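Welcome, and thanks for opening the viewer. Let's take a short walk through this model, selecting a few side chains as we go.

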Amino acid sequence: EFRSMRHAELVRTIRQLRGQAATKQVELEDCQLKVEKLSTELASAGAAGELRCLREEVARAQRQVAQRDEDLEAAEGRARMLEGQRIHLQEQLQSERDTSAALRESELEARRRLDNELQAR
């Protein structure tokens, strides 16, 4: 095909081919830039996937903290209730001790009177 062309036509064809090659080189460089950009975006998407996983872990941890807070509040409520019961039982015990002491005193007084009456006879 090139043998039948004249020198001027060959030069023109070479220039056209060089222009096309330069255009293809620019297109190739653009494609390489797009590949790099897409690779970066893909890496970011992978990071976004990691970010999603981290967000899920944070949400799970927050749910656990909330549950533990509820458990703690329930335990504190139970502790307050038990403390109230302890105080009530302590008061009741003291009352029973006081009653027992009064009964002992009364019993001793009754025994003294009985002894006095028996000795008086």
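Start by selecting R113 and E109: they form a salt bridge, and their closest N and O atoms are 3.9 Å apart. Keep in mind that you are looking at a predicted model. Why can these two meet? R113 and E109 are four residues apart in helix 1, so about one helical turn separates them.

Now add R112 to the selection. R112 also forms a salt bridge with E109, with 3.2 Å between the closest N and O atoms. Here the spacing is three residues in helix 1, again about one helical turn. With E109, R112 and R113 all shown, you have a network of salt bridges. Switch on a surface and check the cover: R112 is partly exposed at a relative accessible area of 42%, and E109 is partly exposed at 34%.

Next, move to R52 and E56. This pair forms a salt bridge too, its closest N and O atoms 3.6 Å apart. Both residues lie in helix 1, which covers residues 7-120, and they sit four residues apart, about one turn of the helix. E56 is partly exposed, with a relative accessible area of 41%. The count of salt bridges comes to six.

Finally, zoom out to the whole chain. How many helices and strands does the chain have? One helix and zero strands. The C-alpha atoms fill a box of roughly 170 × 15 × 15 Å along the principal axes. The radius of gyration is 51 Å, while a compact globule of 121 residues would have one near 14 Å. Buried residues make up 2% of the 121 residues. Colour by charge to finish: there are 22 positive and 24 negative side chains, and the centres of the two sets lie 11 Å apart.

Conventions: Residues are numbered from 1 along each chain as its sequence is written. This is a predicted model: local features need pLDDT of at least 70, side-chain atom pairs count only at pLDDT 80 or more; totals for chains, interfaces and linings use all residues. Side-chain values use heavy atoms; hydrogens and water are left out. Helices (H or I, at least four residues) and strands (E, at least two) are DSSP runs, numbered from the N terminus. The radius of gyration is taken over C-alpha atoms; the globule rule is 2.2 Å times the number of residues to the power 0.38. Buried means under 20% relative accessible area, exposed over 50%, partly exposed in between (1.4 Å probe, protein chains only). Lys and Arg count as positive and Asp and Glu as negative; His and the chain ends are not counted. The place of a charge is taken as NZ of Lys, CZ of Arg, CG of Asp or CD of Glu. A salt bridge is a side-chain nitrogen of Lys or Arg within 4 Å of a carboxyl oxygen of Asp or Glu.
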